[in-house]
Amino acid sequence: MKAKSKTPVKNLPPSWIAEREYTRLDVPGRVVVRIGCPEPDPIKSAHGEVWRCPLQIEGLDLTQIEDLRLDKDAPLFGYGVDSMDALRNAFRSIHVLLKRHGTPLRWERTQEETFGFPVQVPTGYGVEFDRRMEEVINAIDAAILERMRPFYEQMERYEARRKARAKRRTKKTQTGGSGADDV
């Protein structure tokens with residue numbers, strides 16, 4: 001029995017697997033970003049199989065981006081050597097397109113103007129560059145954690161006091177105490 005082909009049918013709409021909504025800060029409105037399921041590209045490359053990951057940005061006219069020739073109705077994809085690479089490049093494409101469009105947006109989970117997609121370190125600069133970038137990021141993470149330590153310690157003390165009060169209340173309820181003496 002023959003295995004089914006992995007080549008997708010071109011006319012089927014993408015199957016969206018993730019979505020994020022932004023609030024426009026320049027005019028009332030929203031922007032919705034969607035990512036689809038990675039799939040083998042039906043057009044084979046001379047270098048072997050290529051994967052693509054569909055993406056959609058609704059609420060912005062991407063044809064306004066200078067130096068970018070996009071047909072308004074053309075589907076957008078992130079491409080890669082495998083499905084993971086295509087997915088990663090789709091996220092990077094979203095970040096680049098939103099940034100190049102220039103419309104101020106806020107993700108609902110933050111109070112700042114942000115896309116919520118981190119800039120990715122390019123992989124073509126070699127292992128030594130990757131290692132140095134990881135060291136820089138780890139040092140920044142450590143500094144942020146150190147700065148946040150008093151906050152975390154305060155939260156731990158608050159939680160311990162809350163649990164102790166709840167335990168005392170439970171004990172008084174079980175023993176029939178009035179609870180008036182305990183504050």
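**Note on the predicted model of the protein chain**

1. A surface feature opens this note. Val-136, Ile-140, Ile-144, Leu-145, Met-148, Phe-151, Tyr-152, Met-155 and Tyr-158 together make a nonpolar surface patch of about 830 Å². One of these residues, Met-155, lies in helix α2, which covers residues 127-175. Met-155 counts as partly exposed because its relative accessibility is 41%, and the band for that class runs from 20% to 50%.

2. The coordinates are those of a predicted model, and confidence should be considered before any detail. The protein chain has a mean pLDDT of 82, with 85% of its residues at 70 or more. Over residues 1-9, the pLDDT falls below 50, and this stretch has six contacts in the model beyond near neighbours in sequence. Where pLDDT is low, predicted coordinates should not be read in detail. Among the elements of the protein chain, strand β2 (residues 30-36) has the highest mean pLDDT, at 94, and α2 the lowest, at 86. The helix that holds Met-155 is therefore the element with the lowest mean value, 86, a point to keep beside the description of the patch.

3. The overall architecture is as follows. Two helices and six strands form the secondary structure of the protein chain. Read from the N terminus, the order of the elements is β-β-β-β-β-α-β-α. Of the contacts in the protein chain with a separation of 6 or more, 52% are between residues 24 or more positions apart.

4. On burial and surface, the protein chain has 183 residues, and 23% of them are buried. Its accessible surface amounts to about 14100 Å², and carbon and sulfur atoms account for 54% of that area.

5. The interior deserves a separate point. The largest nonpolar core is made up of 20 residues. Within this core, the residues with the most contacts are Tyr-22, Leu-55, Ile-57, Leu-62, Ile-94, Leu-97 and Leu-98. Two or more residues of the core come from each of β2, β4 (51-58) and α1 (83-101). Helix α1 gives the most, with five residues.

6. Which residues outside its immediate sequence neighbourhood is His-95 in contact with? Leaving aside neighbours within four places in sequence, the contacts of His-95 are with Phe-115, Phe-117 and Val-119. His-95 belongs to helix α1 and is buried, because its relative accessible area is 12%, under the 20% limit. Arg-92 is likewise found in helix α1, but with a relative accessible area of 35% Arg-92 is partly exposed. Phe-117 appears again here: Arg-92 and Phe-117 are 25 residues apart in sequence, yet their C-alpha atoms are 7.6 Å apart in space.

7. Charged side chains form the next topic. Side chains of opposite charge can pair when their charged atoms come close. The structure holds eleven salt bridges. In helix α1, Arg-88 and Asp-85 form a salt bridge with an N to O distance of 2.8 Å. These two residues are separated by about one helical turn because they are three residues apart in the helix. Asp-85 is buried, at 17% relative accessible area, whereas Arg-88 counts as partly exposed, at 28%.

8. Helix α2 also holds a salt bridge, in which Arg-149 and Glu-146 meet at 2.7 Å, N to O. Being three residues apart in α2, Arg-149 and Glu-146 are also separated by about one helical turn. Here both partners are partly exposed: Arg-149 has a relative accessible area of 40%, and Glu-146 has one of 46%. Elsewhere, salt bridges that share partners join Glu-19, Arg-34 and Glu-58 into one network.

9. A further salt bridge links Asp-26 and Arg-24, with the closest N and O atoms 2.9 Å apart. Are these partners buried or partly exposed? Arg-24 is buried, because its relative accessible area is 19%, which is under the 20% limit. Asp-26, at 40% relative accessibility, counts as partly exposed.

Note on methods: Residues numbered from 1 in each chain as written. Predicted model: local features only at pLDDT ≥ 70, side-chain atom pairs only at ≥ 80, totals over all residues. Heavy atoms only, no water. Helix = DSSP H or I, 4+ residues; strand = E, 2+ residues; numbered from the N terminus. Buried < 20%, exposed > 50% of the residue type's maximum accessible area, 1.4 Å probe, protein only. Contact = heavy atoms within 4.5 Å. Areas by Shrake-Rupley, 256 points an atom, 1.4 Å probe, with all protein chains shown as cover. Patch = residues over 30% accessible without salt bridge, like charges linked within 9 Å, V, L, I, M, F, W, Y side chains within 5 Å. Salt bridge = Lys/Arg side-chain N within 4 Å of Asp/Glu carboxyl O. pLDDT = per-residue confidence, 0-100. Core = buried A, V, L, I, M, F, W, Y, C linked by side-chain atoms within 4.5 Å.
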